[in-house]
Each structure stands twice: as structure tokens, then as C-alpha cells.
Amino acid sequence: MKASKQEKYDKAYLRMAQEWGKLSYCKRRQVGAIIVKDRMIISDGYNGTPTGFENFCEDDEGYTKWYVLHAEANAILKVASSTQSCEGATLYITLSPCRECSKLVHQAGIKRVVYQRAYKDDSGIKFLERAGVEIVHLPVLEEMV
């Protein structure tokens, strides 16, 4: 069965988010995000420490530091400091949003989220569904050629 045109775009943007996540200095998990509006990439992000901080996401015990920003938060913040708007956009992300980031996604006006892997806590996805955000799970990128 042939994939729809939208699904082909979804897979391509998700592959780009996956590549973007490889820029993260985090050792436990690298997450990438791309925000697309009107078929144009308006922002990107990956998980990491705030600007001006050391590029070490984990503490001495291997736990993620509390101030590490998630990929979608970084992408949304980048849009906020530009002339663009996320209103009506699609977020492509390699890991589904946590509960905190899901609030940012909704408030930013993002109307669609396409993700690769599910976060351990699905309350973020449930919140977004309740808020009327379209959710698409595309789990296996290795087969997306």
C-alpha cells in the first residue's frame, strides 16, 4: 500500500528531527524537534542545557539536570524570539511531549504533533488530545525510506 503525500512529508520531517537530535550533548537520550508551518520549517530544537551553561546534561550520578530544556521547548522558544508564529503548525519530535511541554505546545498554537517514540508518561499526549491537537505516532523510522 502506498503512503499518502502527507505521510511521506511526515516521515521526512521526522527523519530530520531525528538527525537534529543527534546534535544534543545529552547522553541518556537525544531528542530532536522540528516545527513546520505552511510546508516550511520555522524552527528546530534539541534537548540540552540553557545558553551559557556547560554542555553536560547529566549530573555525576547520571541523572538529567533539572534545568535541561526539552527539544520542543527549545524549538518553541526559538519561534518566540523570531517574527514567526506556531499558530496552526505541526511539531515533529522524536519523543512524545511530557506533561510540562504539552502545555507549551498547546499554548503556542501547534495543532498537530507527529512523534516517533512514546515518552514513559503519556499524560502529555492525553492532554494534547483533550485540547484538540491532532496526534500521529510514526514509530519505526528505520523502515521509512
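**Pockets, annotated sites and local features of the predicted model**

The lining of the second largest pocket divides by class into 8 nonpolar, 9 polar and 2 charged residues. The structure described here is a predicted model. The volume of this second largest pocket is about 320 Å³. Its lining comprises 19 residues, and Tyr46, Gly48, Thr49, Thr51 and Asn74 are the ones that lie nearest its centre. Two elements, β2 and α2, give two or more residues to this lining.

The largest pocket has a volume of about 430 Å³. A total of 18 residues line the largest pocket, and those nearest its centre are Arg29, Thr64, His70, Leu95 and Tyr119. At least two lining residues of the largest pocket come from each of α2 (71-80) and β3. In terms of residue class, 9 nonpolar, 4 polar and 5 charged residues make up the lining of the largest pocket.

An unreviewed UniProt entry lists His70, Cys98 and Cys101 under "binding site". These residues are spread over 32 residues of sequence, yet they cluster in space, with a largest C-alpha distance of 8.9 Å. Of this set, His70 and Cys98 belong to the lining of the largest pocket. Histidine 70 is located in the loop between β2 and α2. Because its relative accessibility is 31%, histidine 70 is classed as partly exposed. When residues up to four places away in sequence are not counted, histidine 70 touches Tyr46, Asn47, Cys98 and Cys101. Two of the residues touched by histidine 70, Cys98 and Cys101, are thus also listed with His70 in the UniProt record.

Cysteine 101, in turn, is part of helix α3 (residues 99-107). Cysteine 101 counts as buried because its relative accessibility is 5%, and the cut-off for burial is under 20%. Its contacts, again not counting residues up to four places away in sequence, are with His70, Glu72 and Ala73. Of these contacts, Glu72 and Ala73 fall within the range of α2 (71-80).

The same record type also supplies a domain assignment. In UniProt, the annotation "domain: CMP/dCMP-type deaminase", from an unreviewed entry, covers residues 8-127. Across residues 8-127, helix accounts for 32% of the chain and strand for 21%, and the end C-alpha atoms lie 27 Å apart.

Helix α1 spans residues 5-21 and contains 17 residues. From its first C-alpha to its last, α1 reaches 25 Å, close to the 24 Å expected at 1.5 Å a residue. Asp10, Lys11, Tyr13, Leu14, Ala17 and Gly21 are the buried residues of this helix. In an α-helix there are 3.6 residues a turn, so residues three or four places apart point the same way. The cover over the buried residues of α1 includes the strands β1 (32-37), β2 (40-46), β3 (90-95) and β4 (112-117).

Backbone geometry was also examined in the loop between β1 and β2, where aspartate 38 and arginine 39 are found. Aspartate 38 is not a glycine, but it has a positive phi of about 50 degrees. Arginine 39, likewise not a glycine, has a positive phi of about 60 degrees. Aspartate 38 counts as exposed because its relative accessibility is 68%. Arginine 39 also counts as exposed, since its relative accessibility is 58%, and exposure requires a value over 50%.

Note on methods:
Residues are numbered from 1 along each chain as its sequence is written. This is a predicted model: local features need pLDDT of at least 70, side-chain atom pairs count only at pLDDT 80 or more; totals for chains, interfaces and linings use all residues. Side-chain values use heavy atoms; hydrogens and water are left out. Helices (H or I, at least four residues) and strands (E, at least two) are DSSP runs, numbered from the N terminus. The expected span of a helix is 1.5 Å times one less than its number of residues. Buried means under 20% relative accessible area, exposed over 50%, partly exposed in between (1.4 Å probe, protein chains only). Contact means heavy atoms within 4.5 Å. On a 1 Å grid over the protein atoms alone, a cavity is a set of points where a 1.4 Å probe fits but cannot get out, and a pocket is an open set with protein on both sides within 12 Å along at least five of seven lines; lining residues have an atom within 4 Å of a point. Grid points are joined across faces, edges and corners, and a volume is the space filled by probe spheres set on the points. Ala, Val, Leu, Ile, Met, Phe, Trp, Tyr, Cys and Pro count as nonpolar, Asp, Glu, Lys and Arg as charged, and the others, Gly among them, as polar. UniProt positions are given in the numbering used here, feature names are shortened, and annotations may be inferred rather than shown by experiment.
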